[in-house]
Protein chains: 2
Amino acid sequence: MKAIRNYDRYVEKMQQIADLSNVLSLLHWDQEVYMPADGISIRSGQLSMLSGMIHDLQTSPGLVELLRELASESGLSADEHKNVEVTLRDTTRKLLLDRDFVERLTYTTSNAFVAWDKARKESDFSIFAPWLEKIIALKQEECRKIGYQDHPYDVLLDEFEPGMKTRTLDTLFAAFKPELEELLKQISATGPDTHEDSFMYLNYPKDKQWQAGLDVLGKMGFDFNRGRQDISTHPFTISVGAKDIRITTRINENNLHEMLWSCIHEGGHALYEQGFDEATYGLPQSEAASLGIHESQSRLWENHIGRGASFWDYYFPKLQQRFPQQLSTVTSELFYAAINKVRPSLIRTNADELTYHFHVIIRFEIEKELIEGSLKATDLPTRWNELYKKYLGLDVPDDSSGVLQDIHWSHGSFGYFPTYSLGSLYAAQFYHQATLEISNLEKEISEGNLIILKNWLRKKIHRIGKLADSDDLCRKITGESLNFRYFIDYASRKYRSIYRFSELTVSS
Amino acid sequence: MKAIRNYDRYVEKMQQIADLSNVLSLLHWDQEVYMPADGISIRSGQLSMLSGMIHDLQTSPGLVELLRELASESGLSADEHKNVEVTLRDTTRKLLLDRDFVERLTYTTSNAFVAWDKARKESDFSIFAPWLEKIIALKQEECRKIGYQDHPYDVLLDEFEPGMKTRTLDTLFAAFKPELEELLKQISATGPDTHEDSFMYLNYPKDKQWQAGLDVLGKMGFDFNRGRQDISTHPFTISVGAKDIRITTRINENNLHEMLWSCIHEGGHALYEQGFDEATYGLPQSEAASLGIHESQSRLWENHIGRGASFWDYYFPKLQQRFPQQLSTVTSELFYAAINKVRPSLIRTNADELTYHFHVIIRFEIEKELIEGSLKATDLPTRWNELYKKYLGLDVPDDSSGVLQDIHWSHGSFGYFPTYSLGSLYAAQFYHQATLEISNLEKEISEGNLIILKNWLRKKIHRIGKLADSDDLCRKITGESLNFRYFIDYASRKYRSIYRFSELTVSS
């Protein structure tokens, strides 16, 4: 009886924390979607106050004592035990940070977001620089407070991808990069890219794009009773409650890509959150295993479905009906080639699946340098432009298409970018497994039956939440740890058919 | 020095409470404007948790002690002293309620709102009845906890209209009602109403109505950097921060009235909130004097400007330009007559300025009976329909156009309705004073200079906040206490010109 009673008390405390965290999420959502300009004056204080309150609850002596008791108690089920274990691990990390630090970080990032937004609009890094310096100093303080063995950046990675080390990523990227470069070389060796794609840049009215996006989300199985979509400059997914998962998209009337990929990408994130078991609200089982796994869900839908031939076999006629003027002379094959053009570009969120990884690698390099202290915030634009030249061969014309393009640093999110590449690699590996386990998956998709895939993901990934870490989860689902070979194989097959080159040979 | 330091500590505590109260407001706003249906499962708990936290801060021994010290301290300015005095009075009331009660009330009303919404949509009072019973029991408990001398309803009135008594309202309505009835008799004696108004019910597209509403709000001086407008079923104004005042409107494509009056009405409320001195954020000086005074601001704009001839002299050509198909053959005189038709109707929010007061009187009678316990929740529809027959001569066809039409009781707001009538009466008295003090006010308005009126209200009313109670404020501005004669005079003049009857004679 005692074990059960203690566990119930733990659940109650965790749900209270979740209720308050969801309030914080709503404040963030509102700030980026609807808040009037001058609302920021109060908002920063509200965010920092609530962050402090949440931190107090998360590190309260009562909860810590309860967790320690529960950790050694028999009579818990395996899942219950795992929930407690994960909470205890997360709490131990949080105990190393004090409320004052959490409030300072939240207050700084809330103001930094405003500075970054202004800097980006005016393409003037100097507006953001002083705030970025403050944030870097705070993140360095966080690394010191939490402690590390090898590299301070390990501390930041661990927040988003529990257990991930800088050294592991160095090794992964060192092996992955040459294979990616070789594939890109094969593509560019086919000569100038002649795939027609000008129809993607015709005028697509906002309202009709909005409706198309909602329609695609519905097909994916997004539940509009438990979520909604709005417009924001920077698309994101946020959980405001167990049954209230919100996404945002952006619409560019002269570029159909933007709405399509942001809708499908955020839709993938949202299906993960909508897929948690609501009976475990507030517990690790209702949290993402890691951001890498979160990103695997968005990338799987974006790349393997949204940029896949099967989906457009089914959906292109519907899109054509919605936009007859723009698409009546286009075929689904032409459309498929147009949405899969590979070319180096300046903006990460507009990048193709292949060059995308270089955008991540550049940010990874820079973040390590900033956190080590070997690169100063004020020197960042120079370093950024240097790396874009080196990895993508591009000249960055201004800060707004360069170092100011991403929201992450203004949020204090360092160590976040690598999860994007990890997510793509996990996505390829998971999708490969799905094709083995779901009979005729591609055929089902080409008939519009996306729910079969959603249900597989729900069972294999969503319902597990954070009860397994990324590596456990990956081994449980696919029988092996993360292996970038699945991504290279998928990409080689796909681009070989689009660009018509022969078998991939890795140059020595 | 000690006085200053204590006062600063008081201000800091009050601002912290305001920050948290504004978070609560955002949750309410979201619930009524954007929250997906299933979001309610977590929302009720969030609202009740935050209400409890706010109540704890508002009644914390530290704050109470500080207030008692400050109340007897010399060295405070007159305004500082008044802020402390009002906070101490409000706190004393709150100390009579415990956190558990506040959480129960919030939790119940949050769920009751959902039940009411469903009941109204299905026109089935029985869905709402059990929740209404719970709320009435809670409000009766509140009356007992806070205590009263004469009538329990005094306790509820006092929350919205500090100092107001049931007996005072009984006296006011007893004198006001026959004069209103006489005026209505004079109007109906002019025979069938032949003013053409069918053009108000043509098709007015939603987007264009929305733009028209924003335009009118802009003319009134609504600051969109410090606020926003959204759509909701039940228009309201809410403060989410010192510089973040939000309003909602509703749009009916086949009834131009709804958007017009909700925009202008809520706009009037919003100007009050936007007009508080932001330097006094969190203090009584940044709160409304009472709901009656709040309503005086919305009614002043809605009735004296929005339903006035001068404003439409200026604005009708602009509205005509926006809706040429619907309004090209209409004159501003015709429009003025159409928006001022007097006729008994079922729905309070659609009522004209005269019969409106009977809607309020009916609710006032019913609330007294419910709180006394002489009327049971289950008997409410019968009583409602009986009073609509008695006062307005109307048969109520169903609950949704009857007892379920208002949101207030689902929110637990008993004692709120009378402030609507008080607001209209204050509005007439204030507006009369404005015409004495602002030279050529009607001419200014007919030239579109509404800002001159906004500035007068800002100085006379908005900046004072809650440092004066309604009666003090009214005497300070107009030299006398509330006097319904100003409303009767205004209304007689106006409707005499529209319906062309001779001098008003009160029948004996």
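Two strands count as paired if DSSP finds at least two bridges between them. I'm noting that up front for the sheet entries below. I also remind myself that this is a predicted model.

**Entry 1: the sheet in chain A**

I began with a pair of residues: A:Arg228 stands opposite A:Arg246 in β3(A). Next I looked up the strands around that pair. β1(A) is joined to β3 of chain A, residues 244–249, by 5 bridges, and the two run parallel.

What is the order of the strands in the sheet of chain A? I read it as β1-β3-β2, an open sheet of 3 strands with mixed pairing. The edges belong to β1 (227–231) and β2 (237–241) of chain A; each has a single partner strand, so one side of each lacks a neighbour in the sheet. I also checked the twist: on average, neighbouring strands here are turned by 25 degrees against each other, ignoring direction.

Then I asked which helix packs on this sheet. I found α10 of chain A, residues 256–274, touching β1, β2 and β3 of chain A. The direction of α10 makes about 165 degrees with that of β3(A).

**Entry 2: the sheet in chain B**

I went over to chain B and looked for its sheet. I found an open one of 3 strands, in the order β1-β3-β2 of chain B, with mixed pairing. Its edge strands are β1 (227–231) and β2 (237–241) of chain B, each pairing on one side only. The average turn between neighbouring strands of this sheet is 25 degrees, direction ignored.

In chain B, β1(B) and β3 (residues 244–249) run parallel and are joined by 5 bridges. For a residue pair, I wrote down B:Ile231, which stands opposite B:Thr249 in β3(B).

**Entry 3: chain A overall**

I stepped back to take in chain A as a whole. Its secondary structure comes to 21 helices and 3 strands. The radius of gyration of chain A is 23 Å, close to the 23 Å that the globule rule gives for 508 residues, so chain A is as compact as a globular protein of that length. Along the principal axes, the C-alpha atoms of chain A fill a box of roughly 65 × 55 × 50 Å.

**Entry 4: two domains in chain A**

I looked up how chain A is divided. The domain assignment gives domain 1 (2–147) and domain 2 (166–499). Their C-alpha centres lie 26 Å apart in chain A. The contact between them takes 37 residues from domain 1 of chain A and 32 residues from domain 2 of chain A.

Which elements give two or more residues to the domain 1 side of this contact? I noted α1 (2–33), α4 (78–95), α5 (99–122) and α6 (125–146) of chain A. The largest share of that side, 12 residues, comes from α1(A). By class, I have 21 nonpolar, 9 polar and 7 charged residues on the domain 1 side.

**Entry 5: where the two chains meet**

I turned to the contact between the chains: 30 residues of chain A are in contact with 30 residues of chain B. On the chain A side, the elements giving two or more residues are α1, α2 (40–58), β1 and β2 of chain A. The residues on this side divide into 13 nonpolar, 9 polar and 8 charged.

**Entry 6: how the copies are related**

Last, I looked at the superposition. A turn of 180 degrees, with a shift of 0.0 Å along the axis, lays chain A on chain B with an RMSD of 0.0 Å. The two copies are therefore related as by a two-fold rotation axis. The same surface serves both copies, as 100% of the contact residues of chain A recur in chain B.

Key: Residues are numbered from 1 along each chain as its sequence is written. Chains are lettered from A and ligands numbered from 1 in the order in which they are written. This is a predicted model: local features need pLDDT of at least 70, side-chain atom pairs count only at pLDDT 80 or more; totals for chains, interfaces and linings use all residues. Copies are superposed by least squares on the C-alpha atoms of residues with pLDDT of at least 70 in both. Two residues are in contact if their C-beta atoms, placed from the backbone, lie within 7 Å. Domain bounds come from an automatic or database domain assignment. Helices (H or I, at least four residues) and strands (E, at least two) are DSSP runs, numbered from the N terminus. Ala, Val, Leu, Ile, Met, Phe, Trp, Tyr, Cys and Pro count as nonpolar, Asp, Glu, Lys and Arg as charged, and the others, Gly among them, as polar. Axes are lines fitted to C-alpha atoms, for helices over the stretch in contact, and angles run from 0 to 180 degrees between N-to-C directions. The radius of gyration is taken over C-alpha atoms; the globule rule is 2.2 Å times the number of residues to the power 0.38.
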